[in-house]
Number of protein chains: 2
Amino acid sequence: QDENIRRQAKDRLDRLTMPHWALGRLLDLALDLAGMTGSLQPPVDRRLIVTMAGDHGVAAEGVSAFPQEVTGQMVANIANGGAGISTLARVANARVQVVDMGAACDLSDLVDSGQILSRRIAPGTANMALGAAMTREQAVRSLEAGIEIANTFAGEADLFGTGEMGIANTTPSSAIVALLADATADQATGCGTGIDDNRRKHKVSVIERALQTNLPDPHDGLDVLAKVGGFEIGGLAGLILGAAALRKPIIIDGFISTAAALLAQSLAPASVDYMIAAHHSIEQGHQLALARLGKKPLLDLDFRLGEGTGAALAMNLVEGAKRLLTEMATFDEAAVSQGK
Amino acid sequence: QDENIRRQAKDRLDRLTMPHWALGRLLDLALDLAGMTGSLQPPVDRRLIVTMAGDHGVAAEGVSAFPQEVTGQMVANIANGGAGISTLARVANARVQVVDMGAACDLSDLVDSGQILSRRIAPGTANMALGAAMTREQAVRSLEAGIEIANTFAGEADLFGTGEMGIANTTPSSAIVALLADATADQATGCGTGIDDNRRKHKVSVIERALQTNLPDPHDGLDVLAKVGGFEIGGLAGLILGAAALRKPIIIDGFISTAAALLAQSLAPASVDYMIAAHHSIEQGHQLALARLGKKPLLDLDFRLGEGTGAALAMNLVEGAKRLLTEMATFDEAAVSQGK
């Protein structure tokens, strides 16, 4: 972040017509926006949510309440405007760009019609309970695809948001959080789309098996991604790295996006400076992951959907923060007496 | 609330394309909006924040960090578009209507120019530490003015928000919360615009004196308002009653607005059904007041400004909730497989 612009922003925010810092975390956010963008007029108007889709070999272990075909069905639902993210993105004046990073089904119709982009690496990862989810080369490709997407949209987006769709993808996310936030599989594993406690215990044992089978090196983000990650998770980590390199703020959605953010942090710690945490998911382990990033989320509304829904809802708060910095009057400007 | 429409809304929300109730509290809010408005297409597009201003005789006791002249200066700042609420209302696509319920200074220029409305009862309340803040007749008039404002704007507002401006008005609010939420003055009293702990102790003792001097009857909301209330607080209580009678949702801003909501609850318990709690203020006692209303606020961003700023920020969440109900596809509509 640009410390000089941050200081200038702080100087103005300190003098706005209200008790000092009385809009609390929205002012903290305004400061961050100035620091991230290096501007006292931080641009946030052109908003893009990138929702990355991928499938997971580990779904074969019965870790999700939904069948794998739902990944492709939901991609179509998003592309057709009927999903949660479609709705909340309209509220946020944000565009949604779905990217197929590796769904198991054939999405070429949606690609050919221009409704989604393809950066497809393979039709789903391998089952991480039996071996590495992907090769190290595929992990690099997924990251590069995300960086490339950030650069592709650099000219038409001021503010990015992350989202994902992929049946079973809380399972690799929990494995990543366990490794990178120094937690046990049990601590990092929640109920995903809504499995019961018995199935959650099974999910924990699958993750433990994946960790024992693959022995990922927690100090090597690329190794973690390759062995227990996912194509859409790697893509999002790349997107975050790309946005940070462009000095554009990127709103991190929920649990899976935060797992991707941990990978980005592991690969380039400075990228954390450009992340905004959207919301506190009820998914167990999210809190641990956010703490490792050092982020406090803006919202806490018991969301557990993903797709970018929390990021979309947080965009309005980002706009509010920006406009406090650029539109609100100071005590001098408004001739208001100060407190003592 | 309309239980039949609520059931119909629930039936649709249960079938939306996501894990069941995965957008948590936004779906609870959608259900409430349907119940409040009696519609599966709850109107929320025309938004009005009513910011009521008043002064307080108790300011003479040195309970605030700001001088009394700031009430009028801030009313002008709001009318000129430079205040926190001015900015956040623009973000929310909401209109702000300031109503002078009884500021100490002369605001007739702003009234004459049409920038604010006057429902002025007196130039500030009397000092409640020495006697009743107002007469019972003035208390009735302040409530009636609020009801009348709700009716006046009934044809041009679907969604109301409350706001206030009045130096020292956390002091009567704390007294009201102590009485109506069954708390001690100490539990109900915070640091307002930013006084230090010594001054907070002094403020607590002033409130204790007001309670002992006036002996308000906690079972008689009108008596509480008259003895330890304020004109803008009575006006907001009336506005809430008026909105509830119109079956229109009203977003309750922060601590002072919540004190007004407690008065409305005391006078007409069913009015609670139409209230939406905007945010959790850092003002001590707010939590107690919200618990008495049985409300969990939508946001928690360390706000302590008032003016309607939290209500404005929450309006976007209300729009999101409404649009999930009206725009999101069901499993059947989108041909998505359900979970098991």
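A polar contact, as I will use the term today, is a pair of N or O atoms within 3.5 Å, where, within protein, one atom must be able to donate a hydrogen and the other to accept it. With that in hand, let me say that what we have here is a predicted model, and that across the interface of chain B and chain A the rule finds 16 residue pairs in polar contact, counting pairs in which both residues have pLDDT 80 or more.

Let me stay with that interface for a moment. On the chain B side, at least two residues each come from α2 (24-37), α3 (69-79), α4 (84-91), α13 (309-327) and α14 (331-334). Of these, α13(B) gives the most to the side of chain B that touches chain A, namely nine residues. Sorted by class, that side of chain B has 28 nonpolar, 15 polar and twelve charged residues. The contact as a whole takes 55 residues from chain B and 55 residues from chain A, and the area buried between the two chains is about 4600 Å², with carbon and sulfur atoms giving 61% of it.

How many salt bridges are there between chain B and chain A? The count is two, and in one of them the side chain of E327(B) meets that of R90(A), with 2.8 Å from N to O.

Now to the salt bridges more broadly, of which the structure holds 40 over all chains. In chain B, D11(B) forms a salt bridge with R15(B), and the closest N and O atoms of that pair are 3.4 Å apart. Both partners have some access to the surface, since D11(B) is partly exposed with a relative accessible area of 42%, and R15(B) counts as partly exposed at 35%. There is also a network, in which salt bridges that share partners join R47(A), E319(A), R323(A), E327(A) and R90(B).

In chain A, the side chains of D14(A) and K10(A) meet in a salt bridge at 2.9 Å, N to O. Both residues lie in helix α1 (residues 3-14) of chain A, four residues apart, which is about one turn of the helix. D14(A) is partly exposed, with a relative accessible area of 27%, and K10(A) is partly exposed as well, at 33%.

The pair E283(A) and K203(A) also forms a salt bridge, at 4.0 Å from N to O. Because E283(A) lies in the loop between β6 and α12 of chain A, while K203(A) lies in helix α8 (residues 197-214) of that chain, the pair ties together parts that are 80 residues apart in sequence. Is this pair's acidic partner, E283(A), buried or exposed? At 6% relative accessibility E283(A) counts as buried, and K203(A) is buried too, with a relative accessible area of 1%.

That loop leads us to helix α12, which I will describe in chain B. Which residues of α12 (residues 286-293) of chain B are buried? They are H286(B), A289(B), L290(B) and L293(B). Seen down the axis of α12(B), these buried residues fall within an arc of 100 degrees, so they line one face of the helix. What they pack against is α7 (170-180), α11 (255-267) and β6 (275-277) of chain B. Just after the helix comes G294(B), which takes a positive phi of about 75 degrees.

From the other side of that packing, consider T258(B), which lies in helix α11 of chain B. T258(B) has 0% relative accessibility and therefore counts as buried. Leaving out residues up to four places away in sequence, T258(B) touches I252(B), D253(B), H286(B), A289(B), L290(B) and L293(B). Its side chain also has a polar atom 2.5 Å from the backbone oxygen of G254(B).

Also in helix α11 of chain B is L267(B), which counts as partly exposed at 36% relative accessibility. Apart from its neighbours within four places in sequence, L267(B) is in contact with L143(B), G221(B), L222(B) and L241(B).

I will close with chain A, where the buried residues of α12 (residues 286-293) are H286(A), A289(A), L290(A) and L293(A). What covers them includes α7 (170-180), α11 (255-267) and β6 (275-277) of chain A, and α12(A) is followed by G294(A), with a positive phi near 75 degrees.

Key. Residues are numbered from 1 along each chain as its sequence is written. Chains are lettered from A and ligands numbered from 1 in the order in which they are written. This is a predicted model: local features need pLDDT of at least 70, side-chain atom pairs count only at pLDDT 80 or more; totals for chains, interfaces and linings use all residues. Side-chain values use heavy atoms; hydrogens and water are left out. Buried means under 20% relative accessible area, exposed over 50%, partly exposed in between (1.4 Å probe, protein chains only). The arc is that of the directions from the helix axis to the C-beta atoms. Contact means heavy atoms within 4.5 Å. Buried area is the accessible area (1.4 Å probe) that two parts lose on being put together, summed over both. Ala, Val, Leu, Ile, Met, Phe, Trp, Tyr, Cys and Pro count as nonpolar, Asp, Glu, Lys and Arg as charged, and the others, Gly among them, as polar.
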